Amino acid sequence: NFNSFSDFKQAIVCGGIAGPVVVNVISKGSAYNEQVAFGAIGGVSATNTITINGNGQTISFGGGAQYATMLFNGSSYFKIKKLKIEGLGTASNFGVQLTGGSQYIEFDSCTVSINQASTSSTTAAFVVSGSLTSATTAGVTAQNITVTNSIIEGGYYCFTMMGPTSA
């Protein structure tokens, strides 16, 4: 058992994985108030995926120097299901961000939202960008990303998807 998303991340970063991993998020009576940044994980493959079953629970973060509530930077083969991902800030906040060549990441039946009062261009609910601090920078971003049965809402930008170049 893990007390937080960050504890889970540390466990899989430390030793990698040797088979499919499924984590069930359980209710703790309130939202998980934290941010989590996943990078490359050793042992992942099309067979050895990492599934996070959110079970309707919430992870939230208010933004700051590190914008994303849930960041995938060079990550592969994640499946996120039935998780609420919230950005509570009105500036410098992304709900989900994919960058650094992340690939084969699926979001199914999730809600990704940013504070509805956000008017800053540094807020976005779902970001695929070449920068950790801009929703609209071309560069090494992500590919083979699937979003199904999900709600994405709020922010100055709701959803941005940038490619490898700006031209």
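# Notebook: pocket, patch and loops

**Entry one, the pocket.** I started with the largest pocket, which has a volume of about 300 Å³. I kept in mind that this is a predicted model.

Next I looked up which residues line the largest pocket. From the start of the chain I noted Asn 1, Phe 2, Asn 3, Ser 4, Phe 5 and Phe 8. The lining also takes in Val 23, Asn 24, Val 25 and Ile 26, and then Tyr 32 and Ile 52. Helix H1 (5-15) and strand E1 (21-24) are the elements that give two or more residues to this lining.

What is the character of the lining: nonpolar, polar or charged? I found eight nonpolar residues, four polar and no charged.

**Entry two, a patch on the surface.** I then turned to the outside of the model. Val 147, Phe 159 and Met 161 form a nonpolar patch there, and together they have about 260 Å² of accessible area. I picked Phe 159 for another look and found it in strand E15, which covers residues 157-161. Phe 159 has a relative accessible area of 36%, so I wrote it down as partly exposed, given that this class runs between 20% and 50%.

**Entry three, positive phi values.** Here I checked the backbone. Which sign does phi of Ser 92 have, positive or negative? The value is near 50°, so positive, and Ser 92 is a residue other than glycine. I placed Ser 92 in the loop between strand E8 (84-87) and strand E9 (93-99). Its relative accessibility is 21%, and therefore Ser 92 counts as partly exposed.

Asn 144 has a positive phi too, near 55°, and is likewise a residue other than glycine. I found Asn 144 in a strand, E13, made of residues 142-148. With a relative accessible area of 42%, Asn 144 is partly exposed.

**Entry four, a loop after E1.** I went back to strand E1, which had come up at the pocket. Between E1 and strand E2 (32-33) there is a loop, and Ser 27 lies in it. Is Ser 27 buried or exposed? Ser 27 is exposed because its relative accessible area is 52%, and the class begins over 50%.

Last, I looked up how far Ser 27 is from Ala 91. The two are 64 residues apart along the chain, and 28 Å separates their C-alpha atoms.

Conventions
Residues are numbered from 1 along each chain as its sequence is written. This is a predicted model: local features need pLDDT of at least 70, side-chain atom pairs count only at pLDDT 80 or more; totals for chains, interfaces and linings use all residues. Side-chain values use heavy atoms; hydrogens and water are left out. On a 1 Å grid over the protein atoms alone, a cavity is a set of points where a 1.4 Å probe fits but cannot get out, and a pocket is an open set with protein on both sides within 12 Å along at least five of seven lines; lining residues have an atom within 4 Å of a point. Grid points are joined across faces, edges and corners, and a volume is the space filled by probe spheres set on the points. Ala, Val, Leu, Ile, Met, Phe, Trp, Tyr, Cys and Pro count as nonpolar, Asp, Glu, Lys and Arg as charged, and the others, Gly among them, as polar. Patches are made of residues with over 30% relative accessible area and no salt bridge: like charges are joined within 9 Å, nonpolar side chains (Val, Leu, Ile, Met, Phe, Trp, Tyr) within 5 Å. Accessible areas come from the Shrake-Rupley method with a 1.4 Å probe; for residues, only the protein chains shown count as cover. A salt bridge is a side-chain nitrogen of Lys or Arg within 4 Å of a carboxyl oxygen of Asp or Glu. Buried means under 20% relative accessible area, exposed over 50%, partly exposed in between (1.4 Å probe, protein chains only).
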